[in-house]
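Here are my notes on this one, written as a set of numbered points. Keep the structure open beside you and look up each spot as you read.

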Amino acid sequence: MPSADLANLRGLLDVVVHALAAGSAERGGPAPSTTPEELAASWLDLENVPDEGLGADALADIVRRYAAGSVDPADPACVAHLQPPPLPIAVAADVAISALNQSLDSWDQAPAGTSLEPPVIRSLAALVGYDPGVAGGVVTTGGTESMLMGLLLARDRGTDGRRARVLCSAAAHFSVARNAGFLGLGEDSVVVVPTGADHRMDAAGLRAALATVEAGGERPVAVVATAGTTDLGAIDPLREVAAAAREHGAWLHADAAYGGGALFSRALAPLLDGIALADSVGLDLHKVGWLPAASGVFLVRDDAAFAPLARSVAYLNAADDEEAGYPSLLGHSLRTTRRADVVRIAVVLRALGRDGLGARVDRCHALAAYAADRVQAHDDLELYADPVLTTVVFRLRGGDLVNAQVRRALLASGRAVVGRTEIGGAVWLKLTLLNPSTAESDVDAVLDAVREAGRSS
């Protein structure tokens, strides 16, 4: 970037920082106190492209309004989703990624990025327990893309002419079925395996389902193990699931989009015992990693598994260029144009290290344990289960309608952003605690807000 543009960027970043602060002050809480209709109407002035531009005034205006109308994951009362406050150092790295505008589909577009991604992938492969000298991987947009890649590689191993089946637990992410549909297997190719009371896949049930699939003349191409369900953080029995998948020649993909962050914690990493037995693993560092979205990672135990994605394109990765020593990552991704998102991942891993990230994981886990205790201390609240990772599922005693109304009332007032889910046909509320700076008093305040809203409903 020319020095003049860098100087201009420095000034524009000041504009952004001031606009973010102004918008946050205007919002005054974790969420805008407005209706969806009002917020949509506030953008109607942008329906037409103006004849004359406004320059930096447009940046200041739109960023301020965007911040004012956004939820703030850094606010302790914003606890609905797996949406953490990003580390400032990662946000700063993101600026560099955008400023240099590299694309990792060819070496001559991204020399440093193409060289940086493999060692970062190897470091994460080692964290999972893979042999970094054999494993491979790629940065993705998140768990859904990682799931798609895992099922794609599983499908492309072949079906011997039989109908392909994908097996997962009843608590698995919805993207299993959707991706099976994308891949032409059909959403109805997914066989749902029951879970126990703890919402973990029942290993005996998996074995029975695999046997039934085989007996019916069908091919179990893949088993998806969930390492951290969205609601409860439940982790399937990975070793038992891996053994069953191996017996039937099925590819095992471990969806650790949420639970993978526990690998940074010395205390919680044992929860993922057996994850290295999976053929592929998906991690989302924009969840329990405190990186801006999207910072997903797809890992494979053997880099050779990427062979079905290999492509040679004259204008990107000509064979003679690769023979001359110019590598290409084109055959590791479903995307062509691809940002060098690995830069911010590398920065955070180097800046905080495993212990720094692990301390953040442990703090959020401790907050979840505290929240669960406080829920149980109130007679008008009901806890669903003890937290496994950083989520707490609970409800007000009083029925589904009350809980649904309370969540909407808190959102409309801008006082708190609390999650909602359904388990066993009943509406439950959820705290997703991913802000290590949250204090116990902040947790108490959110629970008090829920209880007060319940009394008013």
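**Notes on the predicted model**

1. Let's start with strand 3 and strand 4 (residues 190–193): the two run parallel and are joined by four bridges. One pair to find on screen is Ser169 with its bridge partner in strand 4, Val193. Keep in mind throughout that this is a predicted model.

2. Strand 3 has a second neighbour, strand 5 (residues 219–226), which runs parallel to it and is joined to it by five bridges. Here you can look for Cys168, which stands opposite Val224 in strand 5. If you wonder what holds such neighbours together, strands of a sheet pair through backbone hydrogen bonds, either parallel or antiparallel.

3. Is strand 3 (residues 164–169) largely enclosed or not enclosed by the rest of the structure? Six of its six residues are buried, so strand 3 is largely enclosed by the rest of the structure. Ala164, Val166 and Cys168 point one way, while Arg165, Leu167 and Ser169 point the other way, and all are buried. Take Cys168 as a worked case: its relative accessibility is 5%, and buried means under 20%, so Cys168 counts as buried.

4. Now zoom out to the sheet. Seven strands form an open sheet in the order 2-8-7-6-5-3-4, and the pairing is mixed. Strand 2 (136–140) and strand 4 stand at the edges with a single partner strand each, so one side of each has no neighbour in the sheet. On average, neighbouring strands of this sheet are turned by 20° against each other, direction ignored.

5. Further along that order, strand 5 and strand 6 (residues 251–256) run parallel, with five bridges between them. Ala222 stands opposite Trp251 in strand 6. What packs on this sheet and touches strand 6, among others? Helix 6 (residues 143–155) does, and strand 2, strand 3, strand 5, strand 7 (280–284) and strand 8 (296–300) are touched too. The direction of helix 6 makes about 175° with that of strand 6.

6. Next, try strand 10 (residues 391–396). Six of its six residues are buried, so strand 10 is largely enclosed by the rest of the structure. Thr391, Val393 and Arg395 point one way and Val392, Phe394 and Leu396 the other way, and all are buried. Don't skip over Arg395: it stands opposite Glu382.

7. Which way do the partners of strand 10 run? Strand 9 (residues 381–383) is antiparallel to strand 10, with three bridges joining them. Strand 12 (residues 426–432) also pairs with strand 10 in the antiparallel sense, over four bridges. In that pairing, Phe394 has Leu429 of strand 12 as its bridge partner.

8. Over to the helices. Helix 1 (residues 3–27) packs against helix 3 (residues 56–68) at an angle of about 35°, and their axes are 7 Å apart. The crossing is right-handed. Residues in the contact include Leu12, Val15 and Val16 of helix 1, and Leu59, Ala60 and Val63 of helix 3. By class, the contact has twelve nonpolar, two polar and three charged residues.

9. How many disulfides does a search of the whole structure find? The count is zero. A disulfide is a covalent bond between the sulfur atoms of two cysteines. Cys78 shows the situation: the nearest cysteine sulfur belongs to Cys364 and is 13 Å away. Cys78 has 10% relative accessibility, so it counts as buried.

10. Loops deserve a look as well. Thr438 sits in the loop between strand 12 and helix 14 (440–456). Its relative accessibility is 3%, so Thr438 counts as buried. Leaving out residues up to four places away in sequence, Thr438 touches Pro76, Arg363, Leu367 and Val443.

11. A last spot to visit is Ser106, in the loop between helix 4 (88–100) and helix 5 (111–128). Ser106 is at 1% relative accessibility and therefore counts as buried. Not counting residues up to four places away in sequence, Ser106 touches Thr114 and Leu316. Try placing Ser106 and Pro327 together on screen: they are 221 residues apart in sequence, yet 7.8 Å apart in space, C-alpha to C-alpha.

Conventions:
Residues are numbered from 1 along each chain as its sequence is written. This is a predicted model: local features need pLDDT of at least 70, side-chain atom pairs count only at pLDDT 80 or more; totals for chains, interfaces and linings use all residues. Side-chain values use heavy atoms; hydrogens and water are left out. Axes are lines fitted to C-alpha atoms, for helices over the stretch in contact, and angles run from 0 to 180 degrees between N-to-C directions. A crossing is left-handed if the near helix is turned anticlockwise from the far one by less than a right angle, and right-handed if clockwise. Contact means heavy atoms within 4.5 Å. Ala, Val, Leu, Ile, Met, Phe, Trp, Tyr, Cys and Pro count as nonpolar, Asp, Glu, Lys and Arg as charged, and the others, Gly among them, as polar. A disulfide is a pair of cysteine sulfur atoms within 2.5 Å. Buried means under 20% relative accessible area, exposed over 50%, partly exposed in between (1.4 Å probe, protein chains only). Two strands pair if DSSP finds at least two bridges between them.
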